[in-house]
Amino acid sequence: MEARLERAARYRQVLFLCVILGLSWAVTESLQYFVEEETERGTFVANLAKDLGLGVGELSDRGSRIVFDQNTGFLLLNSLTGDLLLNENLDREELCGPIEPCVVPFQLLLEKPFQIIRAELQVRDINDHSPVFLDREILLKISESTTPGATFLLERAQDSDTGTNSLTNYTISRNAYFHINVHDGAQGDIFPELVLDQMLDREEMPELSLTLTALDGGSPPRSGTTLVRILVGDINDNAPEFVQSFYKAKIPENSPVGSLVIAVSARDLDTGSNAEMVYAFFYATERILKMFQINSTSGNLYLKADLDYEVIQTYTLTIQAKDGGGLSGKCTVVVEVTDINDNPPEILMSSLNSPIAENTPETVVAVFRIRDRDSGNNGKMVCSIQDDIPFLLKPSVENFYTLVTEKPLDREWITEYNITITVTDLGTPRLKTQHTITVLVSDVNDNAPTFTQSSYTLSVPENNSPALHIGSVSATDSDSGTNAQLTYSLLPPPHDPLPGLASLVSINADTGQLFALRALDYEALRAFEFRVRATDRGASPLSGQARVRVRVLDANDNAPFVLHPLQNASAPCTELLPRAAQPGYLLTKVVAVDADAGQNAWLSFQLLQASEPGLFSVWAHSGEVRTARPPGERDAPRQRLLVLVRDNGQPPLSASVTLHVLLVDGFSQPHLPGPEAAAERAQADPLTGPLVVALASVSSLFLCWLLLFVALRLCGRSGRAALPGCPAPEGPFPGQLLDVSGAGTLAHSYQYEVCLTGGTGTSDFKFLKPIVPNLLPQSTGRNVEENSALQSSLGF
């Protein structure tokens, strides 16, 4: 049992180790693809979706793209099918030169979610270049004393191809003196060596020309030829020898043209012309010939062009010293280019998302990669952004960075951000690169409209024309676009809904202008309130409200109305004046009201006509009719007065009242009949009729005043309780208590209960004496409220 448990535990450990190794391989292993150079554009390379185990269309959904280090587009990815296609013809020699294998790294960038997959494209060589000799003719001077077996190094051919397509063999034309040996070089190349098979005889053959052929290993093979011209010379038995067979030099990449790289030196034991040496390059490529030059006499090596560490770091040169006799010696010079901080960092943008919606959580704004072509500390970089913005930089693999929001953005606070990405290397001196991106913040409907005032007060004159513009309301919205476009509408008051609001006012939904739909009547509606609402046009509309109060301004459209004396054609009121009355005697008081307000309700009284013009006077402000002088014996017993009541409006309106005055010797004197009883005088007793009428009138008047006085006293205690004896109002004539100050008609404050009987066919007013008389006349300004209340009571 214990053995089983032990074996099971070991099995789980082995399985866990295999899983860990598999995951590690899945993370670190990169995708490899192969393609031959000169392959046609559009050739299928691979299916990335299948290689990554992704479904059809998943690459498109995840925002895939191919990124090369050199910002080139060698490959084209179809994100819908996952096919990786060749985007252009590739030349391996142009891409990698002599480097083998030729690998072009690239990355597959997936944004949703963010993932980078490393891959590489290996470009395979084809045999598209023939071997080429730099010199069309190779000149050799060989002494006739040279023993068989001597070797002579020949210039090798150059082949841009690599691998099996590179140089594989050399041959020389048939001859009896030489053959070719092929040797491997230190750098994996081959070079030809001419071997002497038998001694030369300058007298027999002073010159020999041979054809050297270079063959590559392609299928079919390619070849190149050069002419080897051999001059048989006199004996020179000492070849030059360099002091060192190997030289090594280091030079900074920013060295100026003409700088001394290194000096080489050789010795020759011969004398004379056989000891005179000439220094030259042996087997020099075009790149070396463009970069360096050597002094043929001194052996000093100079810089001919600008170096670039990022292009080539090491140069290997072979320098030959040849004496006058044709003998030569060789040495190898290795020049190492040292890096300096001459390349600023680079910022390669992969994606940029703008605009960014406000109020959203952490969002990827940009994905970019940084690089520095320098090496060592010169190639190490630090990436940063400014501190006063709500964004963060998050490093990823392969020097990739993501720029994300640190917190939700608010467009109403800042509408756009200018983000400066700064990359600084660690070289000396430090170099930096800055790249600024602009990120716009798009609007979200998160602000409700706000009115410029919480409440508005508007004024409109009564009797206005329909559709009159009475004012405007205005609201603002901090959002933008459609989220800031407002629509205005009317709302009734929340606690006291106004019936028929839609028939009174309307609002322009776009501008907020208010219009009165019909003519308003100050006496019917002095003011009204409602609310207006402004709603934006966002996806989730928001709204704000404000209160609007409309005041109706009074116009002088109501003439004064006389309350006393009541003008009744069937029973005219006759005032009694004792003949013993003194000047200033109060005969009666004309009481009138005006339904208007303000100065439109200020009333003035004027005596227009009188039977005896000098007997009576009317006080202009109180309406009191008093005697101007004592009545005389010659004054007619019956007097008729016409009093004009006029308001103070523009233009003024007026009303008139007729007073009948009966002069008596005392209140016990029988009442004289009025002019209406002239037809009955002949039939009635001349004294009995007037006396009965006078007594009945005085008694009735006194009784009415008394009843009204008691009723008003009771109303003063019970608020708005109905007066006894006054019927409940019917129809449009409500009964109300009227407080009529002495401003317009009375010298003291009076209260009247106006009862309009709707069933009798006649509308009679009943009024009483003042409840609490004031000692002094009141201000005429109070007439505004009194007349308004009276107008409401009368139904005007």
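This is a working chat about a predicted model, its confidence, its charged pairs, its backbone oddities and its nonpolar cores.

Trainee: Before I get attached to any detail, what does the protein average in pLDDT?

Mentor: The model is a predicted one, and the protein averages a pLDDT of 80, with 81% of the residues scoring at least 70.

Trainee: And where does pLDDT stay under 50?

Mentor: One such stretch is residues 13–28, for which the model has two contacts beyond four places in sequence. Another is residues 717–796, where pLDDT also stays under 50 although the model has 174 contacts beyond four places in sequence for that stretch. Where pLDDT is low, the predicted coordinates should not be read in detail.

Trainee: OK, charges next. How many salt bridges does the structure hold?

Mentor: The structure holds 16 salt bridges. One of them joins the side chains of Glu-346 and Arg-371, at 3.2 Å from N to O. Because Glu-346 lies in strand S24 and Arg-371 in strand S26 (residues 364–371), this pair ties together parts of the chain that are 25 residues apart in sequence.

Trainee: Is Arg-371 buried or exposed?

Mentor: Arg-371 is buried, with a relative accessible area of 12%, whereas its partner Glu-346 is partly exposed, with a relative accessible area of 23%.

Trainee: What does Asp-510 pair with?

Mentor: The side chain of Asp-510 meets that of Arg-537 in a salt bridge, at 3.3 Å from N to O. The two residues sit in distant parts of the chain, 27 residues apart, with Asp-510 in the loop between strand S37 (505–507) and strand S38 (513–516) and Arg-537 in the loop between strand S39 (527–536) and strand S40 (543–553). Asp-510 counts as exposed at 53% relative accessibility, while Arg-537 is partly exposed at 40%.

Trainee: Which residue does Arg-547 meet in a salt bridge?

Mentor: Arg-547 meets Glu-529, with 2.9 Å from N to O. Here the link runs between two strands, since Arg-547 is in strand S40 and Glu-529 is in strand S39, and the two are 18 residues apart. Both ends are partly exposed, with Arg-547 at 30% relative accessibility and Glu-529 at 28%. There is also a network of salt bridges that links Glu-137, Glu-207 and Arg-229.

Trainee: Now Glu-155. Which side chain of opposite charge is nearest to it, and how far away is it?

Mentor: That side chain is Arg-156, which is 8.9 Å away, and Glu-155 has no salt bridge even though it is buried. A salt bridge needs the nitrogen and the carboxyl oxygen within 4 Å, so a separation of 8.9 Å does not qualify.

Trainee: What does Glu-155 touch, then?

Mentor: Leaving out residues up to four places away in sequence, Glu-155 touches Phe-133, Leu-134, Asp-135, Ile-138, Pro-192, Leu-212 and Phe-282. Glu-155 itself lies in the loop between strand S9 (151–153) and strand S10 (167–172).

Trainee: Switching to the backbone, which residues does a cis peptide bond join?

Mentor: A cis peptide bond joins Lys-112 and Pro-113, with omega about -10°, and Pro-113 is placed in the loop between strand S6 (102–110) and strand S7 (115–124). The bond from Ser-354 to Pro-355 is cis as well, with omega near 10°, and Pro-355 is found in the loop between strand S24 (346–352) and strand S25 (356–357).

Trainee: Which residues have a positive phi without being a glycine?

Mentor: Asn-463 has a positive phi of about 60°, and Ala-467 has one of about 65°. Asn-463 is in the loop between strand S33 (455–461) and strand S34 (468–472), and Ala-467 is placed in the loop between S33 and S34 too. Asn-463 counts as partly exposed at 45% relative accessibility, whereas Ala-467 is exposed at 52%.

Trainee: Last topic: how many residues are in the largest nonpolar core?

Mentor: The largest nonpolar core has 29 residues, and those with the most contacts inside it are Phe-292, Leu-301 and Val-333. Among the elements that give two or more residues to this core are helix H5 (286–291), strand S22 (314–322) and strand S23 (328–338). Apart from this core lies another, of 27 residues, which include Leu-77, Leu-84, Val-104 and Leu-108.

Trainee: And what does Leu-301 touch?

Mentor: Not counting residues up to four places away in sequence, Leu-301 touches residues including Leu-260, Ile-262, Phe-281, Phe-292, Leu-317 and Val-333.

Key
Residues are numbered from 1 along each chain as its sequence is written. Side-chain values use heavy atoms; hydrogens and water are left out. Helices (H or I, at least four residues) and strands (E, at least two) are DSSP runs, numbered from the N terminus. Buried means under 20% relative accessible area, exposed over 50%, partly exposed in between (1.4 Å probe, protein chains only). Lys and Arg count as positive and Asp and Glu as negative; His and the chain ends are not counted. Contact means heavy atoms within 4.5 Å. pLDDT is the predictor's confidence in each residue, from 0 to 100. A nonpolar core is a set of buried Ala, Val, Leu, Ile, Met, Phe, Trp, Tyr and Cys residues joined through side-chain atoms within 4.5 Å.
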